[in-house]
Amino acid sequence: MTIGVVVFPGSNCDRDVRWATEGCLGVPTRFLWHEERDLTGLDAVIIPGGFSYGDYLRCGAIARFAPILQEVAAFVERGGRVLGICNGFQVLTEMGLLPGALTRNEKLHFLCEDTPLQVSPGHCQWLQGYGDGETIRLPIAHGEGRYQVDPSQLQQLEDSRCVVLRYQANPNGSVGAVAGLTNPAGTVLGLMPHPERACDPATGGLDGHRLLASLLG
Amino acid sequence: MPVYSARVLVSLRPSVLDPAGEATRSAASRLGVEGIAKLRIGKAVELEIEAPDLDTARERLSLLSDRLLANPVIENWTLELAANGQAHGTSSPVGEG
């Protein structure tokens, strides 16, 4: 089991993710610079939070064209597991691996707080460590996390059980209170909250630990 | 090869909330400018492109607008295109996405 963590110019949660996967879970982890193309030997890829390419144009819009992400798209095609956290979720929507878009928070504020979430794991491979309907607490830290998709597409996502994480208090005004989505195969998870910041009781609890630990199961 | 100048206007789709536009509208009212019923913020991208002809330029810029400059999930775009030296959008049809 080896994990790759994508690093763009402007990523700022890459080392936090590695600390969680390698330090807390003991999973060998390597960084993948955005200009690389080699995913050999990786069992999963994590696209971390931050401000890839300065978030110029739109969050994730420029990252989408990075050489490493062309390989990540092919990796998903082959059934590889990919986790996009915060900016990583924005990148996954810009790539079209997950539908919809993340837009400016309803009340404009950058939100940095712990928030309660309801988990509906369904077929999502990353969430099998949680019970259906379980409430967990994870930190959020974003200015552009308001999920947006048209109502018919939201209904499709609901019907196919792809909405796997939902805000209980909907701090950013997302449609359907969507905090995290999976793909029909259950291999890709995009979420605005930061599970890597909740992997140690000393720094924000353990509710994110099971998400990353699903890699070991 | 001829050079064309273009402007791509990117705006949020009408169904998408624009909280920054709403905040700016409130500020307009505090400034004392009354009567603004709608204020939506978009982007204007100015470009110059070398292309064999106007149609090719339009085709390339349409691809660029659709795939990079705008995200069709939340945004619409319009293209104003003219041969250099001509006014934008007056002598050429306007593309829309």
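Helices are DSSP runs of at least four residues, numbered from the N terminus. In the predicted model described here, Gly96(A) takes a positive phi of about 85° just after helix H3(A). A comparable position is found at the end of helix H2(A): just after H2(A), Gly79(A) takes a positive phi of about 95°.

Helix H3 of chain A spans residues 87-95. Burial was assigned where 20 or more other C-beta atoms lie within 10 Å of a residue's own. By this criterion 9 of the 9 residues of H3(A) are buried, so the helix is largely enclosed by the rest of the structure. The buried set runs through Asn87(A), Gly88(A), Phe89(A), Gln90(A), Val91(A), Leu92(A), Thr93(A), Glu94(A) and Met95(A). Their cover includes strands E3, E4, E5 (101-103) and E11 (188-191) of chain A, together with helix H2 of that chain.

Helix H2(A), residues 67-77, contains the buried residues Ile68(A), Leu69(A), Glu71(A), Val72(A) and Phe75(A). These cover an arc of only 155° around the axis and therefore lie on the same side of H2(A). Pro67(A), Ala74(A) and Glu77(A), on the other side of H2(A), are exposed. The buried residues of H2(A) pack against helix H3 (87-95) and against four strands of chain A, namely E1 (3-7), E2 (29-33), E3 (44-47) and E4 (81-85).

Chain B comprises 2 helices and 4 strands, which follow one another in the pattern β-α-β-α-β-β along the sequence. Of the 97 residues in chain B, 20% are buried. Among contacts in this chain between residues at least 6 apart in sequence, 63% join residues at least 24 apart.

Strands E1 (residues 3-12) and E2 of chain B run antiparallel and are joined by 8 bridges. Within this pairing, Val10(B) has Lys43(B) of E2(B) as its bridge partner. Strand E2(B), which covers residues 43-50, is hardly covered, and the count of buried residues among its 8 residues is 0.

The two chains meet through 9 residues of chain B, which are in contact with 11 residues of chain A. On the chain B side, helix H1 (residues 19-31) supplies the largest share, with 3 residues. The residues on this side of chain B divide into 8 nonpolar and 1 polar, with no charged residue among them.

How values were computed
Residues numbered from 1 in each chain as written. Chains lettered and ligands numbered in written order. Predicted model: local features only at pLDDT ≥ 70, side-chain atom pairs only at ≥ 80, totals over all residues. Contact = placed C-beta atoms within 7 Å. Nonpolar A, V, L, I, M, F, W, Y, C, P; charged D, E, K, R; others polar. Buried ≥ 20, exposed ≤ 12 C-beta atoms within 10 Å, placed from the backbone. Pairing = 2+ DSSP bridges. Arc of directions from axis to C-beta.
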